[in-house]
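Here are a few exercises to work through with the model open in your viewer. Try each task yourself before you read the solution.

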Amino acid sequence: MRKLILSMTFALCTVVALAQDKQDPQSFFIRVGGGFGQRLAQLPPQIDANGRDHYGKMRSGFHTNLQVGYLINHKVGIGAIYSRFGSKNKGISNGVSIDSKDAVSFAGVTINNIIPISDKHDINFNTRVGPGLLFYNTQNTLVNAGVTTFSDLSDESLGLFTGVSLDYRIANNLRFEINVDKTWGRLTINKVKTNLEYIALGVGLRFQF
């Protein structure tokens, strides 16, 4: 937690320093988006072909995010973001029937940088980066020889969110975005290291007011 606080403090100090050259009006924004995500976790060891198929499918899922923020000028902003990746699948591994659900969520702060690349077509290139907390939850229902067992594990860790996007103005105070995001982080559950990193490709809308 101490590292997270120090990282957030450094990020906010950086934004304050950049804000000294503000020349543009201030405005708030809300961004909503979603798309497809891919976990970068390795497959569990000692599983058969069916298990590899099951856990391979668990690495792909849907990604959603919500961001609210404040544009200091037309080039720099700060925000708070919530991002979530979720996947589920039913399969078999080593003769055991498995019904799995995984979720990785990120909540943190970001520094946004907006770079105009086409004034004529009003297209911008955006970057977002910032620290936060990663929340992991995995639920598994196992059926083996007629016996059903259920596990529900949750934990949290420090993480980092990064993203890039292209946006295009489609109406006054409304922009359409195509984005690629990546969330970084790891944690240890029951003495097993788990990679929480995932990459996502999606679209979004940004409302400014």
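**Exercise 1. Find the strand that holds Ser-27, decide whether Ser-27 is buried or exposed, and list its contacts beyond the neighbouring sequence.**

Step 1. Ser-27 belongs to strand S1; strands (E, at least two residues) and helices (H or I, at least four) are DSSP runs, numbered from the N terminus. The model is predicted, so local features need pLDDT of at least 70 and side-chain atom pairs count only at pLDDT 80 or more, while totals for chains, interfaces and linings use all residues. Residues are numbered from 1 along each chain as its sequence is written, and side-chain values use heavy atoms, with hydrogens and water left out.

Step 2. Ser-27 has 14% relative accessibility and therefore counts as buried (buried means under 20% relative accessible area, exposed over 50%, partly exposed in between, with a 1.4 Å probe and protein chains only).

Step 3. Setting aside neighbours within four places in sequence, Ser-27 is in contact with Gly-69, Tyr-70, Leu-71, Gln-208 and Phe-209 (contact means heavy atoms within 4.5 Å). For one of these partners, Gln-208, the C-alpha to C-alpha distance from Ser-27 is 6.6 Å, with the two positions 181 residues apart in sequence.

**Exercise 2. Describe the overall build: how many helices and strands are there, and in what order do they run?**

Step 1. The protein has two helices and 10 strands.

Step 2. From the N terminus on, the order is α-β-α-β-β-β-β-β-β-β-β-β.

Step 3. Of its 209 residues, 42% count as buried. Among contacts with a separation of 6 or more, 66% come from residues 24 or more positions apart.

Step 4. The protein exposes about 11,900 Å², and carbon and sulfur atoms supply 61% of that area (Shrake-Rupley method, 1.4 Å probe; for residues, only the protein chains shown count as cover).

**Exercise 3. Work out which residues of helix H2 are buried, and what they pack against.**

Step 1. Helix H2 covers residues 49–58, and Gly-51, His-54 and Met-58 are buried in it.

Step 2. Viewed down the axis of H2, these buried residues fall within an arc of 65°, so they line one face of the helix; the arc is that of the directions from the helix axis to the C-beta atoms.

Step 3. The packing partners of the buried residues of H2 are strand S2 (60–71), strand S3 (76–93) and strand S4 (96–118).

Step 4. Now look at the start of H2: a side-chain oxygen of Asp-48 comes to within 3.3 Å of the backbone nitrogen of Asn-50.

Step 5. Gly-56 also lies in helix H2, and is partly exposed at a relative accessible area of 22%. Its C-alpha atom is 8.9 Å from that of Gln-42, 14 residues away along the chain.

**Exercise 4. Count the salt bridges, then trace the partners of Arg-31 and Asp-167.**

Step 1. Side chains of opposite charge can pair when their charged atoms come close. The structure holds 11 salt bridges (a side-chain nitrogen of Lys or Arg within 4 Å of a carboxyl oxygen of Asp or Glu).

Step 2. Arg-31 pairs with Glu-177, their closest N and O atoms being 2.4 Å apart. Arg-31 lies in strand S1 (residues 27–39) and Glu-177 in strand S7, so the pair ties together parts that are 146 residues apart in sequence. Arg-31 and Glu-177 are both buried.

Step 3. Asp-167 forms a salt bridge with Arg-175, the closest N and O atoms being 2.6 Å apart. Asp-167 is buried at a relative accessible area of 1%, and Arg-175 is buried at 8%.

Step 4. Asp-167 also forms a salt bridge with Arg-206, at 3.2 Å between the closest N and O atoms. Since Asp-167 is in strand S6 and Arg-206 in strand S10, this pair ties together parts that are 39 residues apart in sequence.

Step 5. A network of salt bridges links Arg-31, Asp-122, Arg-128, Asp-167, Arg-169, Arg-175, Glu-177, Asp-181 and Arg-206.

**Exercise 5. Locate Thr-183 and say which residues it touches.**

Step 1. Thr-183 is in strand S7, and counts as buried at 1% relative accessibility.

Step 2. Beyond neighbours within four places in sequence, Thr-183 is in contact with Phe-106, Leu-134, Leu-160, Phe-161, Leu-196, Glu-197 and Tyr-198.

Notes. Polar contact = N/O pair within 3.5 Å; in protein donor to acceptor, adjacent residues only side chain to side chain.
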